[in-house]
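Biologist: I would like to learn how to read a model of this kind with some care. Could you take me through the features one by one, giving the general idea before the case at hand?

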Amino acid sequence: MKHLISTLVIAFIFTININAQEVKTIALEQTKGEFTQKEVTVNEGTYVFAVSNNHAAMEVGLVLVQKGKDASNPDNHIKTAYVTEVVKEGETQKTKPTKLTKGEYVYFCPLNPTPQYTLKVQ
């Protein structure tokens, strides 16, 4: 019985640690035709993107794709990295938590057509 209780306590603590992992924020600002952050480097982890519209367009958004995949194909987009609603001029919107693993990604905005920028995860 003691062994069973010990096992349950360890499982409970493990579950709490997994759920308590820190979600960090990556702030991205868009201006007319570009992001002000041309390249971002972060460690592996779970991130929320906060996208600001600084007079870029009436509405902007965010698309994140693993580097090397066809960014024009929505099937390749990381859907959790979409803003939860379009970012209107002068506002900031966030994405859902997105787990980033080691590698390179590209990010861009199709609404305020921007180049593709690099996000490196180490």
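Biologist: Which residues form one aromatic cluster?

Modeller: Before the answer, a word on the source: this is a predicted model, in which local features need pLDDT of at least 70 and side-chain atom pairs count only at pLDDT 80 or more, while totals for chains, interfaces and linings use all residues. Residues are numbered from 1 along each chain as its sequence is written, and side-chain values use heavy atoms, with hydrogens and water left out. As for the rule, rings of Phe, Tyr and Trp (its six-membered ring) pair if their centres lie within 6.5 Å, and planes under 30 degrees apart count as stacked, over 60 as edge-to-face and the rest as tilted. The cluster is formed by Phe 35, Tyr 107 and Tyr 117.

Biologist: How many aromatic pairs does this rule give, and what is the geometry of Phe 35 with Tyr 107?

Modeller: The count is three aromatic pairs. The ring centres of Phe 35 and Tyr 107 are 5.2 Å apart with the planes at 80°, so this pair is edge-to-face. It links distant parts of the chain, since Phe 35 sits in strand S2 (residues 34–35) and Tyr 107 in strand S10, 72 residues apart. Phe 35 with Tyr 117 is also an edge-to-face pair, at 5.8 Å centre to centre and 85° between the planes. Tyr 117 belongs to strand S11, so its pair with Phe 35 in strand S2 ties together parts that are 82 residues apart in sequence.

Biologist: Are these rings buried or exposed?

Modeller: Buried means under 20% relative accessible area, exposed over 50% and partly exposed in between, with a 1.4 Å probe and protein chains only. Phe 35 has a relative accessible area of 0% and is buried, Tyr 107 counts as buried at 3%, and Tyr 117 is buried too.

Biologist: How are strands S10 and S11 joined, and what is the order of the sheet?

Modeller: Strands of a sheet pair through backbone hydrogen bonds, either parallel or antiparallel. Strands here are DSSP runs (E, at least two residues), numbered from the N terminus, and two of them pair if DSSP finds at least two bridges between them. Strands S10 (residues 103–108) and S11 (residues 117–121) run antiparallel and are joined by five bridges; Val 106, for example, has Thr 118 in S11 as its bridge partner. The open sheet has four strands in the order S3-S11-S10-S6, with mixed pairing. Strands S3 (39–42) and S6 (63–66) stand at the edges with a single partner strand each, so one side of each has no neighbour in the sheet.
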